[in-house]
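Me: Got a minute to go through this complex with me? I'd like to start with one of the interfaces.

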Amino acid sequence: MSKYLYYPGCSMESSGKAYGESINTILEPLGIHFEEIEDWNCCGATEYLGINLIPAYSLIARNLALATKQMNGTNTVVAPCSACYLNLAKADYYMQERPALGEKVNEALEAGGLQYTPGTLDVRHLIDILVYDVGLDAIRSKVVRPLKGLKVAPYMGCMLPRPDYKHRWTDHEHPTELDDVLRALGADVIDYPLTSECCGGHMTQIGPETAFELIRRLVSDADERGAHLMATVCPMCQMNVDAYQNEMNHFFGSDYHMPILFFTQLMGLAFGREPGELGIGVELVSSRNALANIGVEVPVTQEPSAPRKKDEGLPMPKRWTKHEGKEAVK
Amino acid sequence: MSEQFEPTIIGFTCNWCSYRAADMAGTARMKYAPNVRLIRLMCSGRLDPTFIMKALASGADGVLITGCHPGECHYLEQNYKALRRYLLLRRVLKGMGIAPERVKLIWASAAEGVKLTNEINTFVEEIRALGPLGWNKKLAGNGHKIEEPVMEEVAA
Amino acid sequence: MSKPKFAMYWSGSCGGCEIAVINIHEKILDVDANFDIAFWPVAMDAKVKDVEALEDGAILLTLWNGSIRNEENEHMAHLLRKKSKILVAFGSCATEGCIPGLANLSPMQEIFDVAYHTISTDNPNNIHPQTVTKVPEGEITIPALKDRVHTLAQVVDVDYYMPGCPPESHQIAAVIDLVIQVLEGKAQLPPKGSVIGAGNSTVCEECTRKRNVKMIKAFHRIQEIAPADPELCLLEQGIPCNGPATRSGCNARCPAVGAQCIGCYGPAEGVIDYGARLVTAFASVIDANEPEEIERILDGIPDPTGQFYRFNLADSLFRAGSSAFKKNGH
Amino acid sequence: MSAKKLEKIGVYVCHCGSNIAGVVDVVDVANWAADKLGHQGVVIARDYKFMCSSLGQELIEKDIKELGLTRVVVAACSPHLHEKTFRTAAKNAGLNPYLVEMASIREQVSWVHTDKVVATAKAKAVISGTVSRVIENAALEDLKVPINPNTLVVGGGIAGIQSALEIANAGFHVYLVEREPSIGGHMAQFDKTFPTLDCSACILTPRMVEAGTHPNITLLTWSEVMSVTGFVGSFNVTIKKKARFINEPLCTGCGICQEKCPKKVIDDVYEAGLGYRKAVYTPFAQAVPKYPVMDKENCTYFLKGTCKACEKFCPTGAIDFNQKDEYINIEVGNIILATGYDLFDARRVSNYGYGRLPNVFTSLEFERLSNAAGPTNGDIVLRDGKTTPKSVGIIHCVGSRDKNFNNYCSVICCMQGLKFAHLVHERTGATVYNFYIDMRTAYKAYDEFYQRVLEEGTLFVRGKVAEVTDAARNEHEKGKLIIQTEDTLIGKQRRIPVDMVILSSGLQPRYDAKDVGKLFGISCSMDGWFTEKHPKLDPVATMTEGIYIAGCAQGPKDIPSSVAQGAAASARVLDKILQKEVVLEPIKASINQEQCSGCRICNNLCPFNAILFHEDRMVSEINPALCQGCGTCVAACPAGAISGTGFSNEQILAQIDGLLMDVNLVGA
Amino acid sequence: MERITIDPITRLEGHGKIDIFLDANGDVANSYFQIPELRGFERFCVGRPVEEMPLLTNRICGVCPEAHHMAGAKAADAVYKVDPPRTAKMLRELLYMAFYATDHTTHFYALAGPDFIVGPDAPVAERNILGVIHKVGLEIGGKVIQMRKFGHRTVEMIGGRKVHPACAIPGGVTKILSEEERKEIEEMGRWAIEFAQFSLQAFNDIVLSNKTYLDLIVGDVYTHRTYYMGLVDENNKVNFYDGKVRVVDPDGVEFCKYAPNDYMNHIAERVEPWTYLKFPYLKNVGWKGFVDGKDSGVYMATPLSRLNAADGMATPLAQEHYEKMYATLGGKPVHQRLAIHWARLIELLYAAEHWVELATDPEITSPNVHTKPTQVPTEGVGIVEAPRGTLTHHYWTDERGVITKVNLIVGTTNNYAPIQMSTKKAAQNLIKGGKVSEGLLNMVEMAFRAYDPCFGCATHAMPGQMPLEVRLHNEDGDLIDVIKQFVD
């Protein structure tokens with residue numbers, strides 16, 4: 001059992017309930033133990049930092065300070081929500097980068113008898129620990145119901161990979177961690193160019209038409225590429241794509257039906273759990289038809305064979321990964 | 001002679017970067033504080049801590065060490081060796097009750113005449129702020145005669 | 001026929017040099033046979049008035065041990081310089097100030113404040129010794145201490161230097177043989193100012209430990225790794241051994257029993273500042289380029305100044321720490 | 001002051017017209033030197049308008065002869081300007097040149113200070129320091145080492161080939177080492193060369209053949225340098241000749257083995273990953289030498305133990321599966337490194353989608369695509385292998401001039417991009433867009449080519465491309481690659497759909513350049529290119545005597561410059577060879593064998609491997625020819641057993657005393 | 001509250017000396033024994049790493065560096081709360097026994113010997129080690145030299161150096177003893193036992209059987225009734241390296257027995273303006289001036305005190321002689337100072353016997369010679385018996401084990417007050433009507449020579465023995481005569 005400090009974040013109890021539920025089903029099989037940070041508070045989401053820095057950072061840092069009290073055996077804090085992850089990581093980073101800020105924030109924390117030394121904690125996102133701590137092999141080994149035939153568009157969202165303070169991701173423009181996890185589950189992962197594009201965030205509240213356009217791009221492209229559904233790592237992305245898809249259709253007079261699930265829900269399925277336990281079915285754009293596909297066979301494309309005929313395809317270069325051994329200088 | 005204290009500083013330069021930077025500063029007629037007197041070495045790696053101690057003990061108020069930027073050493077990596085000695089030497093000076101800030105290591109490539117002159121001016125001010133060291137007056141020159149230390153030094 | 005006169009005197013020393021001379025065992029009889037011992041407090045009764053009565057240069061050879069700690073020491077130094085043809089600074093105190101020279105790191109005032117106010121001292125009236133005291137019967141005096149420790153050469157002209165704390169007996173015996181041979185016209189005296197009774201190289205030359213190209217990632221205190229590898233160079237094991245910079249002649253006795261060289265034989269031939277040699281030597285074996293990393297490694301040496309000037313401070317370029325130059329009561 | 005007898009020192013203070021005299025009271029300085037430095041041994045001090053003039057030099061020579069001066073101090077400009085001048089003058093007058101020192105009172109005093117009093121005082125201090133120093137100077141003799149006439153050239157690209165030929169034609173022997181199976185380098189992969197558009201193969205092949213057959217050239221392909229010891233004049237080099245599994249003397253290069261080999265492998269070297277080769281292969285038809293190599297990793301026999309098709313069909317029985325790597329030792333006097341470059345890996349700029357989006361190509365891929373001998377026989381088609389693009393976008397500065405990747409300009413990309421535009425036009429008539437930051441077409445006939453391409457109707461968009469995506473936003477974007485960019489000329493964001501994108505990737509130092517640098521004892525710049533001795537005045541020599549660099553190993557450059565550098569490097573080598581011996585500056589360190597304790601602390605300090613440790617005698621020793629005179633070991637020796645000529649402890653310490661003379665005279 | 005500070009003022013002059021003041025009749029009114037120096041180890045050891053203390057404090061005294069080496073190492077152990085392995089302790093003690101044998105030999109033959117063997121009133125020129133050798137013959141001289149050789153050889157084998165050994169570190173020692181070395185050491189030890197017995201025999205023949213000397217010893221001139229201090233093992237037997245400090249009163253009754261870290265509650269030191277050396281005394285009795293008796297805190301710490309303070313010796317042969325001495329001198333405690341010489345020889349025998357015990361212990365060659373310290377260093381006290389008295393080292397460190405405070409109460413210091421008293425008493429008895437002869441003067445010296453005072457230790461400053469100058473003042477305090485003399 002490897003232990004982690006757990007910061008669920010607000011949405012885990014509301015819009016992202018299904019996320020929370022499905023997470024709980026995969027922890028045990030993967031040998032992960034989450035210890036929830038006691039008395040945690042909201043991270044301020046995307047807005048507060050835009051309004052007033054010191055209080056916003058203090059609000060975030062309070063959670064870090066609380067976490068340090070609980071770090072026996074681990075200093076890793078895991079957040080499943082991209083916004084929470086980004087905020088926690090950001091606070092830790094800037095308190096270190098700008099000592100002046102660090103001091104102010106700690107002054108504020110003093111009031112609550114708390115204080116936080118930046119760098120003490122290691123803030124990471126759920127998928128980060130799944131891929132790099134647990135490992136894809138371990139995940140693969142737990143799959144009892146491969147998602148073969150399910151065409152999934154992997155949607156990482158924009159807050160997770162950028163800015164990549166600690167260089168956690170293969171690539172902050174086109175990260176492939178989610179692709180890898182889904183592949184490990186046996187799913188047919190489509191190449192989804194918009195994986196790190198914005199879902200509109202809270203623009204749905206203040207400038208719907210802007211948000212609608214962004215959502216449309218995401219949905220239409222996934223649809224375009226024949227995805228049965230989208231998989232995400234972020235409650236906000238999930239909510240925007242799911243909850244506003246209808247309005248978006250209405251706005252553009254289009255008729256997309258692109259379900260979006262949390263990747264942990266798909267993991268649950270692959271690990272043999274039943275939809276009910278995973279909060280599947282509560283999504284507004286139903287994933288029923290999509291999931292019906294699980295188990296369908298699809299032929300694999302074969303290597304080109306000599307001699308070259310006029311219409312023969314040309315080979316593709318290997319995918320770039322940062323961890324490639326023979327890397328150019330610098 | 002103005003009232004303010006004019007420090008005397010010994011500067012060690014690398015033949016390939018900082019000394020050329022000084023030449024460049026000259027060619028470009030950049031003006032800077034006259035308090036620093038330069039000694040040319042082939043490389044900052046040649047800098048023996050003895051030189052620095054000798055300079056301070058013989059009346060210098062500060063010592064400026066200059067070398068090629070890390071990774072740009074003319075002799076591949078000798079400036080790193082200078083860096084290690086410098087960091088250890090500072091600790092020793094501290095133990096001797098001498099402000100480590102009296103010795104400073106900066107990197108300046110042959111092209112950085114401007115940087116060099118700025119660094120010199122800054123350093124001169126830093127030493128001026130620290131005040132005179134006057135070790136040569138503490139010891140009687142060669143140290144063979146014992147002389148009562150002069151506490152209130154006169155500016156050189 | 002009258003034998004040449006021999007004298008040995010101590011000033012602020014510990015008596016170890018005298019013991020070392022006695023430790024030449026039978027050789028002491030050669031001294032007796034070849035010299036008329038004019039003045040040697042430890043070995044026999046004698047009178048300063050007799051010495052004062054001698055004409056200048058009457059004593060052929062004087063071995064002086066001990067540093068110049070008080071006014072009386074200096075007075076005796078001038079007297080014996082005047083009366084001796086050959087004046088030898090004998091032992092670490094006389095040549096370089098030795099460990100008592102570390103007193104030069106603090107003002108005399110502080111030394112008094114500490115010595116006469118230790119935990120077990122009962123000194124409510126804050127009494128310190130004074131050079132003149134009125135007692136019921138009259139006035140009694142003690143010599144004033146100098147503000148700092150000086151080496152013999154710093155107060156009088158010295159002919160030869162014999163390092164070591166104390167000099168090893170086999171070296172003393174060798175020197176005595178040499179002088180006797182010179183008396184018999186069988187040998188020549190070395191040039192004035194030479195170091196006698198020691199090698200020109202450093203302790204490593206006599207050390208039997210195996211050594212490689214040195215690169216270390218950390219310094220260790222000896223108690224952290226003792227017993228050290230009996231074969232391997234101590235410095236390579238991270239133990240701050242002063243051997244590389246310390247003059248040879250002792251047969252590397254301390255490293256031979258697993259203890260690091262602490263430098264009692266002082267600098268090697270032609271070296272101007274002993275500590276500087278160690279600064280550069282230790283810095284040279286550090287295997288790091290990043291300032292932070294280097295600093296971390298240097299933290300392994302808790303007391304660099306003491307480490308590098310343990311014996312040599314009074315003879316270093318700086319002679320003393322700056323506070324030692326402050327006048328008493330300053 | 002030591003009791004040794006005084007030197008006779010002459011001090012010469014230069015006015016340098018008004019350059020010095022304008023700020024420093026040179027007359028006063030000269031008088032002061034004669035008076036105040038007399039106790040140091042100064043017997044004559046003169047001031048003169050221009051010391052460096054022949055009259056000024058004669059002044060010194062005359063004094064040396066008549067006054068029997070034993071030391072000379074010239075207070076004038078920087079030693080970097082005139083040290084040689086005055087040392088030669090001294091030499092002519094029969095004084096060892098190394099007994100002359102310069103005090104820089106121009107660059108370090110008159111030009112940088114304004115207050116005359118202060119400047120004059122500083123000038124005195126500087127001179128006092130130099131006088132104290134020069135007393136400790138020792139008469140030195142220049143070191144002379146014989147030069148072995150053989151030369152090693154590493155890298156068989158156009159630069160290396162050029163160097164090799166120049167030297168070989170001059171009648172000296174050259175070892176040309178190439179790690180690939182054939183020489184030719186990147187140039188052999190190109191189709192056309194800008195700006196003249198002549199066929200690369202056509203101009204390169206004759207040179208390759210000449211190099212391959214030249215009596216004075218030993219060609220060692222499929223080989224790598226393993227170790228280099230020694231120093232200028234006599235390097236000892238070990239070369240690993242990797243097993244080809246072909247018995248060269250028997251092989252006729254008929255190519256049957258390649259035809260018969262059943263195993264097909266993607267060729268990511270010569271074909272840039274765009275084509276295939278066999279497990280036994282010659283990279284291309286005109287390969288020199290003609291002998292194929294067997295690729296052990298992919299050969300069925302080596303993998304499975306069966307097959308041997310090649311052996312069966314080889315008419316001369318030249319296949320030898322038991323061949324072993326071979327190690328060759330050679331002695332050379334000079335070395336030229338022409339190890340070339342790596343193409344910037346465009347996959348790193350993931351927003352351009354290379355590696356993800358099939359129809360994004362790199363420049364090298366396109367070179368192969370457009371090459372008549374390439375995988376498509378010169379047809380410019382999409383990755384599906386058949387479709388001809390109707391629109392093509394060429395993106396410049398990929399990985400270059402970019403803080404995230406390489407800050408430098410890769411020099412060739414602009415011209416390359418223009419060349420591609422032209423070829424696409426010519427062969428497909430497609431619409432071509434060039435996306436550039438700045439158009440850099442310096443050098444002969446380059447800009448004319450730019451004009452020509454403009455006239456051909458290529459569309460130029462000035463702006464850095466944000467991303468290349470296949471996520472369409474509307475119908476006419478569907479199925480296309482959309483290039484999202486800011487057009488800085490119209491100040492708008494644009495989305496331009498195209499069928500094909502060509503990334504004009506920049507050049508990068510070889511991934512192993514640093515190791516190679518270490519191997520040969522030369523350094524790399526921050527970017528990783530080999531550092532030249534002087535960026536302007538000595539671009540092909542390095543800090544290490546006898547090692548030269550040419551071509552892209554020194555920095556990005558086009559073919560003409562590479563050829564020019566190759567020739568330049570060999571000219572420097574020939575000059576050395578013809579001198580028969582080389583003179584080394586006598587600034588060297590040496591270890592007093594009596595005093596060395598064998599602590600080995602100095603051993604790790606020399607990057608030139610000049611310090612060797614004698615296990616038997618337990619002492620370290622310095623090889624003077626390898627020593628570069630940096631003095632690091634001198635400063636490091638805890639026993640003070642290492643001394644350095646030219647910059648000895650005595651000289652420096654004396655100079656410190658001299659520089660501080662006034663400080664210690666306070667009150668006196 | 002008013003505060004008086006008396007600072008030292010700079011003025012040239014001075015000798016280590018006794019000032020003796022005479023009254024109108026030329027009889028001794030008072031005398032002062034002064035120590036002219038101070039080196040300040042308590043100050044400059046601050047800032048040094050604790051593991052260096054055994055090496056630094058070595059240099060307090062070259063006569064008994066081993067004592068400081070041991071006390072320093074034990075204090076350092078205590079600072080780290082680490083318990084060295086048995087072998088390590090034995091190696092330290094073995095080195096220490098060899099040193100003891102050597103040091104006691106040196107003192108008896110080279111320093112005190114002349115007084116008895118050559119004679120207190122013999123000509124100056126003969127009163128030295130060479131004189132002794134001439135008198136007793138080269139054969140015995142050879143033995144003495146041999147004894148010292150063996151002692152130093154052993155110290156060198158374990159400690160690295162003959163003078164200022166280097167092997168003891170926090171948690172144990174750096175040296176592992178080989179079997180060959182052990183054998184050699186054992187043989188030398190056995191020879192030492194022979195030598196010790198021979199020396200006791202010589203003492204018996206030359207001193208005890210000589211009426212004049214015996215009278216000197218038992219006479220009142222050299223007698224003081226003080227407290228006695230010494231280190232004892234769990235059986236209250238004399239121990240040099242380890243145990244508790246036991247103090248008996250002038251009647252030989254145990255006054256207190258304390259563990260090292262408790263010393264502050266028992267010992268205090270007094271400062272006098274006329275000397276650099278402090279005067280320790282029993283805190284719980286109090287300072288009553290330079291007087292003896294039960295009410296004065298003055299105590300003595302010498303070989304004799306150790307025997308007085310203990311119930312016996314831990315080795316058989318030494319025990320025999322222990323009993324013999326007290327029988328001869330009329331039971332415990334013995335107050336006659338000159339008996340210190342006898343006690344010293346008994347200790348010599350004990351040291352030799354224990355030397356062999358340790359050298360023959362099967363575990364002595366075990367490689368387990370060090371325990372790695374794991375605790376955070378804080379504070380610690382180390383006490384051993386130096387030949388010249390109980391030696392106390394007390395260190396405080398920061399969490400890195402760097403010294404922040406030091407307190408040292410060293411061998412001879414303990415005896416400063418008694419020495420001051422003894423010399424005064426001797427002077428009073430010997431100098432009458434202002435008549436002084438060199439012989440008398442030497443008798444005065446003998447008074448403190450018996451203590452084998454090592455002021456190198458005492459002031460952490462001056463050499464083991466120091467020049468003595470007797471200054472005679474008349475009743476007005478004017479100086480009437482000065483007799484300078486260098487004594488061993």
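Me: How many residue pairs are in polar contact across the interface of chain E and chain C?
Reply: There are 29 such pairs, with both residues at pLDDT 80 or more. Keep in mind that this is a predicted model.

Me: Which helix gives the most to the side of chain E that touches chain C?
Reply: That's helix H6 of chain E, residues 138–159, with 9 residues.

Me: And how do the residues on that side of chain E divide?
Reply: Into 51 nonpolar, 26 polar and 30 charged.

Me: OK, how many residues of each chain are in contact there?
Reply: 107 residues of chain E touch 95 residues of chain C. Between them the two chains bury about 9100 Å², and 59% of that is on carbon and sulfur atoms.

Me: How many salt bridges does the rule find between E and C?
Reply: It finds 7 across that interface. One pair to look at is Glu51(E) with Arg221(C), whose side chains meet in a salt bridge at 2.5 Å, N to O.

Me: What about strands, which ones pair between chain C and chain E?
Reply: Strand S6 of chain C (residues 121–122) pairs with strand S8 of chain E (residues 267–270). The sense is parallel, over 2 bridges. In that region Asp122(C) stands opposite Arg270(E), which sits in S8(E).

Me: Changing topic: where in chain E is confidence lowest, and where is it highest?
Reply: The low end is helix H15 of chain E, residues 455–459, at a mean pLDDT of 39. The high end is strand S6 of chain E, residues 244–248, at 97. Chain E averages 84, and 83% of its residues score at least 70.

Me: Which stretches of chain E have pLDDT under 50?
Reply: Residues 455–468 of chain E are below 50, and in the model that stretch has 82 contacts beyond near neighbours in sequence. Residues 1–15 of chain E also stay under 50, with 38 contacts beyond four places in sequence. Where pLDDT is low, the predicted coordinates shouldn't be read in detail.

Me: What are the ipTM and pTM?
Reply: The model scores 0.73 for ipTM and 0.73 for pTM.

Me: Back to charges. How many salt bridges are there over all chains?
Reply: A search of the whole structure gives 114. Among them is Asp299(C) with Arg91(B), where the side chains meet at 2.8 Å, N to O.

Me: Why does that pair join two chains?
Reply: Because Asp299(C) lies in the loop between helix H12 (291–298) and helix H13 (304–309) of chain C, while Arg91(B) is in helix H3 (residues 78–95) of chain B.

Me: Now chain B and chain D: how many residues does the contact take from each?
Reply: 51 from chain B and 49 from chain D. About 4400 Å² is buried between the two chains, 61% of it on carbon and sulfur atoms.

Me: Which residues of chain B lose the most area to chain D?
Reply: Arg37(B), Arg46(B) and Leu76(B), which together account for 17% of what that side buries.

Me: How many salt bridges and polar contacts are there between B and D?
Reply: The count is 4 salt bridges, plus 21 residue pairs in polar contact, both residues at pLDDT 80 or more. H1(B) gives the most to the side of chain B that touches chain D, with 7 residues. That side divides into 26 nonpolar, 12 polar and 13 charged residues.

Technical notes: Residues numbered from 1 in each chain as written. Chains lettered and ligands numbered in written order. Heavy atoms only, no water. pLDDT = per-residue confidence, 0-100. Helix = DSSP H or I, 4+ residues; strand = E, 2+ residues; numbered from the N terminus. Contact = heavy atoms within 4.5 Å. Buried area = accessible area lost by both parts, 1.4 Å probe. Polar contact = N/O pair within 3.5 Å; in protein donor to acceptor, adjacent residues only side chain to side chain. Nonpolar A, V, L, I, M, F, W, Y, C, P; charged D, E, K, R; others polar. Pairing = 2+ DSSP bridges.
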